[in-house]
Amino acid sequence: PRCIWLTRHGESTDNLIGKIGGDAPLSGRGKKYGDCLSRFIQHQRQENEKSRRVEAEAGMAISPLRERTVAVWTSMLTRTKETVEGFDPKEYDIKHIRFLNEIYAGICEGLSYSQIENEYPEEFEARRVNKLFYRYPGMGGESYLDVIQRLNPLIIEMERMTSDLLIVTHRVVLRILLGYLMDIDRSKMPEMDVHLHTLYCVEPKPHGTVVKKYRWDE
Ligand code: F6P
């Protein structure tokens, strides 16, 4: 793709109370971010179309003037689906993909970090010491390495896309995808800063990858 847009979902009601995992809906602010995101991407599309038309009229069109679509991928969780509710499915190719789900925290799903520290102090410490390798206990519990593994086929698909792409996902998945696109060592991924309500635009260019960061200013 010429441009990959990446963001976390809008703020969820669980984000407000510091609970991890789960399948909470968006808060009021989270919904506003979703609205703003859809307007912003729509505007970017229109601007792109305009400049391509100007280039074509000047006889400078490098690529044929066909409609540039934007694919929108979210996880299967409520908070990412709600974030893209403002995108018109007639104009965007919207897909919900399980591989984009957040890390599954096993027995720690639905707890806050301080609850984990109190109830499972050894687990808390083990994760602190080696966050990349640490796998949450319990059925389906995952580590960062597990998530990197499950994202591999999706990364291949992402690289193959010819349209622009917007990915709306979660903290761990965003760290890994951005880390991959920016060539950051996986050992650094678990500590990357990826805030809510921040949109990244990654553009592969001949001289390297250009990353722009937009923060939603309420
Ligand atoms: O708090 C939001 C969240 O996406 C959780 O669902 C998830 O467990 C956590 O962030 C991941 O961040 P970290 O790996 O830093 O604990």
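Here Ala, Val, Leu, Ile, Met, Phe, Trp, Tyr, Cys and Pro count as nonpolar, Asp, Glu, Lys and Arg as charged, and the others, Gly among them, as polar. With that in hand, the shell around the ligand in this predicted model splits into five nonpolar, two polar and two charged residues. The chain itself carries seven helices and six strands.

**Ligand surroundings**
- The residues around the ligand are Ile20, Gly21, Glu102, Ile103, Ala105, His170, Arg171, Val172 and Pro190.

**Layout of the chain**
- Going along the sequence, you'll meet helices and strands in the pattern β-α-α-β-α-β-α-α-α-β-α-β-β.
- Along its principal axes, the C-alpha atoms fit a box of roughly 65 × 35 × 25 Å.
- The radius of gyration is 19 Å, which agrees with the value near 17 Å for a compact globule of 218 residues.
- Of the 218 residues, 28% are buried.
- Take the contacts with a separation of 6 or more: 64% of them join residues 24 or more positions apart.

**The nonpolar core**
- The largest nonpolar core holds 33 residues, and Trp5, Leu6, Leu166, Ile167, Val173 and Leu177 have the most contacts inside it.
- At least two residues of this core come from each of β1 (4-8), α2 (28-57), β2 (70-74), α6 (144-160), β4 (164-169), α7 (171-181) and β5 (198-205).
- Helix α7 gives the largest share of this core, with six residues.
- Leaving aside residues up to four places away in sequence, Leu6 touches Ile167, Leu174, Leu177, Leu178, Tyr200 and Val202.

Notes. Residues numbered from 1 in each chain as written. Predicted model: local features only at pLDDT ≥ 70, side-chain atom pairs only at ≥ 80, totals over all residues. Near = placed C-beta within 6 Å. Helix = DSSP H or I, 4+ residues; strand = E, 2+ residues; numbered from the N terminus. Rg over C-alpha atoms; globule rule 2.2 N^0.38 Å. Buried ≥ 20, exposed ≤ 12 C-beta atoms within 10 Å, placed from the backbone. Contact = placed C-beta atoms within 7 Å. Core = buried A, V, L, I, M, F, W, Y, C linked by C-beta atoms within 7 Å.
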